[in-house]
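Here are my notes for anyone opening this one for the first time. Have a look at the model, then go through the points below at your own pace.

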Amino acid sequence: MNHSASLPKAPLQHRWRNWLLAIITLAIIVWSFTGMPSLEIKPNAWVVTKSIAAGLAHPDFSYVWTGDGEDLTSTLLQTLGIAFLGTFISAIISLPFAFWAANTQHKFWLTTRSGKFVLTAIRTFPEIVLALMFIKAVGPGSFAGVLAVGFHSVGMLAKLFSEAIENMNNRAGEAVIAAGGNRLDVTVIASLPQLIPEFVSNTLYRFELAIRSASILGMVGAGGVGTPLIFAIQTRSWSRVGIILYGIIILVTLTDWLSGFLRKRLV
């Protein structure tokens, strides 16, 4: 028995729609390439490429520690501090925003919508833009980096926290209310014990991302390892660029491993 003959064929209009979508997609891709400038390779491109490769292959190990506070170890610790403080501050500030945006905590839909809109607006600002704004307000340095990481992390963490609140089991809260408890009792006795492991896990995940962000913010003057990295690139000190990049890789790898280990233990 031929089973393929018994299978229903797709309606003709569906097949035409699929072909039309494919043609439109292909046309958009072709059109997007028409605005590209012609590929031009500079005469010294090969020389620069060899210099970069030689610098990465022979990193400047003398820069790892010099004792003047401007070496790789000091700037990596500064980057770690910026990410940690920014994430820690944002985790605390995110709690009221998370309960504000959670749709299971309010009967009036506009309250939840307004909270979600505020969090979306906060996430709209890239961390580089926030760093430039805070540099104008408080001056260049690590403090501007902490403010940039912290402000941006509020939008991300509060969104994750609010989703955890929405997915929370409310039976424990109903039992507290049935026993005569008020809303504060429900939050402290029933909600927080369920939410704290999820909150800590989300905070650790955000800390991983903050390490990467703090490494970049120094390029615009917000402290951290990005500052010596941009100086090394500008002066074409590729051996120093190499050791800085290797230091960032080691820092991010260790942070990811430790954060993943802790999150597996919590959740």
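**Notes on the model**

1. Let's begin with a charged residue: D60 is buried, its relative accessible area being 18%. The cut-off for buried is under 20%, so D60 qualifies with its 18%. Keep in mind throughout that this is a predicted model.

2. What does D60 meet in a salt bridge? The side chain of R240 is the partner, at 3.5 Å from N to O. D60 sits in the loop between α2 (45–57) and α3, while R240 belongs to helix α10, so this pair ties together parts that lie 180 residues apart in sequence. R240, for its part, counts as partly exposed, with 30% relative accessibility.

3. How many salt bridges does the structure hold? The count is six. As general background, side chains of opposite charge can pair when their charged atoms come close. Besides the pair in point 2, two others are worth a look, and they get a point each.

4. R263 and E208 make a salt bridge, and their closest N and O atoms are 2.7 Å apart. Distant parts of the chain are linked here: R263 is in helix α10 and E208 in helix α8, 55 residues apart. Are these two buried or exposed, or somewhere in between? E208 counts as buried at 8% relative accessibility, whereas R263 is partly exposed, with a relative accessible area of 24%.

5. R212 forms a salt bridge with D256, again with 2.7 Å between the closest N and O atoms. R212 lies in helix α8 and D256 in helix α10, so the pair ties together parts that are 44 residues apart in sequence. Both ends are partly exposed: R212 has 34% relative accessibility, and D256 has a relative accessible area of 24%.

6. Now for the nonpolar side. In soluble globular proteins, nonpolar side chains tend to be buried together. In this model the largest nonpolar core has 28 residues, and L72, I244 and I248 are those with the most contacts inside it. At least two residues of this core come from each of α3 (72–101), α5 (127–138), α6 (142–166), α8 (183–217), α9 (226–234) and α10 (238–266). Which helix gives the largest share? That is α10, with seven residues.

7. L72 makes a good place to zoom in. Leaving out residues up to four places away in sequence, L72 touches Y63, V64, V225, I243, I244 and G247. Apart from the largest core lies another one, of ten residues, including A98, L157, A164 and F199.

8. On to the rings: the structure holds six aromatic pairs. One of them joins F84 and F207 edge-to-face, with 6.3 Å centre to centre and 90° between the planes. The pair connects distant parts of the chain, since F84 is in helix α3 and F207 in helix α8, 123 residues apart. F207 counts as buried at 16% relative accessibility, while F84 is partly exposed at 48%. Together with F88, these two form one aromatic cluster.

9. Finally, how confident is the prediction? The mean pLDDT of the protein is 85, and 94% of its residues reach 70 or more. Where does pLDDT stay under 50? That happens over residues 1–7, and the model has zero contacts for them beyond four places in sequence.

Conventions
Residues are numbered from 1 along each chain as its sequence is written. This is a predicted model: local features need pLDDT of at least 70, side-chain atom pairs count only at pLDDT 80 or more; totals for chains, interfaces and linings use all residues. Side-chain values use heavy atoms; hydrogens and water are left out. pLDDT is the predictor's confidence in each residue, from 0 to 100. Contact means heavy atoms within 4.5 Å. A nonpolar core is a set of buried Ala, Val, Leu, Ile, Met, Phe, Trp, Tyr and Cys residues joined through side-chain atoms within 4.5 Å. Buried means under 20% relative accessible area, exposed over 50%, partly exposed in between (1.4 Å probe, protein chains only). Helices (H or I, at least four residues) and strands (E, at least two) are DSSP runs, numbered from the N terminus. Rings of Phe, Tyr and Trp (its six-membered ring) pair if their centres lie within 6.5 Å; planes under 30 degrees apart count as stacked, over 60 as edge-to-face and the rest as tilted. A salt bridge is a side-chain nitrogen of Lys or Arg within 4 Å of a carboxyl oxygen of Asp or Glu.
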